[in-house]
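Hi,

Here is the structure I said I would pass on. Have a look at it first, and my notes follow underneath.

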Amino acid sequence: MSMSPRHPVDPVDDRAEAPAAPASPSRRRFVRNVGVGAAALGAVAATGAALSDVASAQTTATNPPDLSAADISLVQFLQSVSIAAQKGLLTAAGRSVLTSTLNEEVRTFARHHATQAVTLGTLLSKENNITAANPKLLAQLNGQVNGASDQAALLNVLLTFEEQVSATMLQAMGEAQSFLVSGAVGSALAVVGQQAAALGSAAGKPIGDWLPAFGSTNGALTPAAFPTS
Amino acid sequence: MTTDRNHEMSSDEVRRQLRSAQAEHEATMSDWKGSLDELLDPESGAGADEKAAFLGVPNRRTFMVGGVVLAGGALLAACAKKKTPQVPESGALPPVPSSTTTTAPGSAATDKVLLQTAQSIEILAIDTYQKAIDSGLLTDQTAKDVAKLFQSQHQDHSDALAEAITSAGGKAVTARNQYLADNVVDKAVAALTDQKSVLVLARDIENLAAQTYVQAGGVFTTPGLRKTGMSIGETEARHITVLNLALGYAPVPLALMPTSKAIDPKGYVS
C-alpha cells in the first residue's frame, strides 16, 4: 500500500455530479420530498471550498424549515461545536510542530468544520444562527493544543477532539426529530469520522483505536457541559 | 510496503488489531442485539414508552402533544406482530403519500426496504473482499490484512442489520445486492489487474455504501434507526479514508459526504 506524501485531489470524489435523471415516479417523488435538505446540502457542498469565514456565510439562510425548539437548540449546539473545531484546528495549524503535509491537512479539516457549521446554519433562521465558537469548548481545545509539545502530542489532542465531535454528532442523530436535521448531521458526521481516521493514522495509533466496527457516542459533548454562550 | 512519515500502518499492527477488534465487535454486537431482543420482542413486556425511548421516537405523551413522527408509531406497530417473510427483490421504495417538500420522505415500509438494501450491500462487500483476497492481486500483506479487517466489519454490519430487520418483522437478506453485482461489481472484478485496481474497486464500494447510509440518515423515520444506520455509515466512511491514503489521495477530500453515489433506487431490496 503506497502512501504518497502529497495527496492529489481525487478527481472522482471531487467531481461535481449532476443529479441523475428521475428513473421512475417513485424516484421523482423521493427527490422532491428530500428537496429541501438536498438543496441545502448541495448548495453548501458546491461552494464549501470557497468559504473561509463562517459568520459571513451564515447570512445566506433563507426560508429555513420549521423545526421544533429542541431541534433548533440541537443545531445551534452543533454549530457552536463546529465553529470551535474550525478555530481550534486553525490554532493547531498555527503551531510549528506539524509537518507541512499534516499542517495542510489540518487546515483542510478546519475548513470542513466551517462548511459544516454553515450547512447546519441553513436549517436555522438568521436570528437563530450561531456565529461564535462554543466558548468553553474552544478554550479547552486551545489549551490542549497549545500545551502539546510535539507533533505526536498535538495529533493525539486533535484525534481525541475529532472523536468527541464524531460521538456528539452520532448522539445528535439519535436526538434530532426532523429528517432535515438528521440528514445534514449525517453528512457532516461521516466526514468528521474520516478526519478522526486520518489523524489516528497520522498519529501512528493502532488501527483498532480509530476504526471501530460501529461508531460510538462515548465521550459525546453535551450542551450542559458546553453551553453555546 | 511503502509508507510516508505521516501515515503509518504496519502489517503486524493490523493483524493484532484484527484479532482484538473482533473480540470488541462481538461484545458490541451482543449488547446491541440484546437490547433489540429485549425491547422489540412482542412478548418481552416492554411498554410502548420504553420501546419509543429505545427507538428514539416520542413517547405516548410527547407523541400526543407534538403530533409528529407518525411513522415511528407505525414502526412500533410493525414490531408488535409477525409479518409474512419477504422475498428480497430489487425495486423502488414503497410509495409515500404526496407531500410538501418538508414532509418526511420515509415510512415504516421504507425503513424496512432501506435496512434490507443496506444488508444486501454489506453482503456484496463481504463477497467482493473475499474475491479480492482470493485473487492473489493483493501483493502487500498490509493490504491483505486491511481487506480482511474491512470484510469482518462488513460482516458485523450485516449481522446487526439482519437483527434489526428481523426485529422489525422482516426477513433478513441472505444474498448480495444483485442489481449492483450485475451492473457494477462483477464487471469490475473481472477487470481487476493489480493491487491498485483492487483498492480502487474497494473504495468505490465503500463510497457507495457510506453514501447510502448518509442518504438513509435523512429518510429513516425514527431517530434510533438514523443513529444505528450512521453508526455503520461512519465506519464505512473511515474505510474510504484508509483506502484514499493507500491510493495516495487526499484522505478527506470533501467537507460533507454527498449522496450522489448512493445506490440507485433500482437496486433497492424490498
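**What I found**

With 23 C-beta neighbours inside 10 Å, B:Ala255 counts as buried. You'll find B:Ala255 in the loop that runs between H9 and strand E2 (268–269) of chain B. If you want to place B:Ala255 against another part of the chain, try B:Lys148: the two are 107 residues apart along the chain, and their C-alpha atoms are separated by 28 Å. Do keep in mind while reading that this is a predicted model.

**The two chains**

Chain A first. The secondary structure of chain A is 10 helices and zero strands, so its pattern along the sequence reads α-α-α-α-α-α-α-α-α-α. Chain A has 229 residues, and 54% of them count as buried. Taking the contacts in chain A between residues at least 6 apart in sequence, 83% join residues at least 24 apart.

Chain B has nine helices and two strands. Going along the sequence, the order is α-α-α-α-β-α-α-α-α-α-β. Here there are 270 residues, of which 50% count as buried. For contacts in chain B with a separation of 6 or more, 77% come from residues 24 or more positions apart.

**Helix against helix**

A quick bit of background before the pairs: two packed helices are described by the angle between their axes and the distance between the axes.

Start with helix H8 (residues 151–173) of chain A and H9(A), whose axes come within 8 Å and cross at roughly 155°. That angle is over 145°, which means H8(A) is roughly antiparallel to H9(A). Their crossing is left-handed. By class, the residues in this contact are 15 nonpolar, six polar and two charged. On the H8(A) side they include A:Leu155, A:Leu158, A:Glu162 and A:Met169, while the H9(A) side includes A:Val185, A:Leu189, A:Val192 and A:Leu199.

Chain B has a pair to look at too: helix H8 (residues 195–217) and helix H9 (residues 223–247). The axes of these two chain B helices come within 8 Å and cross at roughly 155°, and H8(B) and H9(B) are therefore roughly antiparallel to each other. H8(B) passes H9(B) in a left-handed crossing. This contact is made up of 15 nonpolar, six polar and five charged residues.

Which helix of chain B does H9(A) meet across the chains? The partner is H8(B): the axes of H9(A) and H8(B) come within 7 Å and cross at roughly 155°. So H9(A) is roughly antiparallel to H8(B). Sorted by class, there are three nonpolar, five polar and no charged residues in the contact of H9(A) with H8(B). From H9(A) come A:Ser182, A:Gly183, A:Gly186, A:Ser187 and A:Ala190, and they meet B:Ala210, B:Val214 and B:Gly217 in H8(B).

**The nonpolar core**

In soluble globular proteins, nonpolar side chains tend to be buried together. In this model, the largest nonpolar core holds 121 residues. The members that touch the most other members are A:Leu78, A:Val106, A:Leu158, A:Met169, A:Val181, A:Val185 and A:Leu189. Helix H9 (residues 179–202) of chain A gives the largest share of this core, with 15 residues.

A:Met169 is a handy place to click. Setting aside neighbours within four places in sequence, A:Met169 is in contact with A:Leu78, A:Val185, A:Ala188, A:Leu189 and A:Val192.

**Two more residues to visit**

B:Ala216 sits in helix H8 of chain B. Is B:Ala216 buried or exposed? It is buried, because B:Ala216 has 30 C-beta neighbours inside 10 Å, and 20 are enough to count. Beyond its neighbours within four places in sequence, B:Ala216 is in contact with B:Leu114, B:Ala118 and B:Gly229. B:Ala118 is 98 residues from B:Ala216 along the chain, yet their C-alpha atoms are separated by 9.3 Å.

Then there is A:Gln151, in helix H8 of chain A. A:Gln151 is partly exposed, with 18 other C-beta atoms within 10 Å. Leaving out neighbours within four places in sequence, A:Gln151 is in contact with A:Val97 and A:Leu98. A:Gly121 is 30 residues from A:Gln151 along the chain, and the C-alpha atoms of the two are separated by 33 Å.

Cheers

Methods
Residues numbered from 1 in each chain as written. Chains lettered and ligands numbered in written order. Predicted model: local features only at pLDDT ≥ 70, side-chain atom pairs only at ≥ 80, totals over all residues. Axes fitted to C-alpha atoms, helices over the stretch in contact; angles between N-to-C directions. Helix = DSSP H or I, 4+ residues; strand = E, 2+ residues; numbered from the N terminus. Parallel < 35°, antiparallel > 145°, perpendicular 65-115°, else oblique. Left-handed = near helix turned anticlockwise from the far one by under 90°. Nonpolar A, V, L, I, M, F, W, Y, C, P; charged D, E, K, R; others polar. Core = buried A, V, L, I, M, F, W, Y, C linked by C-beta atoms within 7 Å. Buried ≥ 20, exposed ≤ 12 C-beta atoms within 10 Å, placed from the backbone. Contact = placed C-beta atoms within 7 Å.
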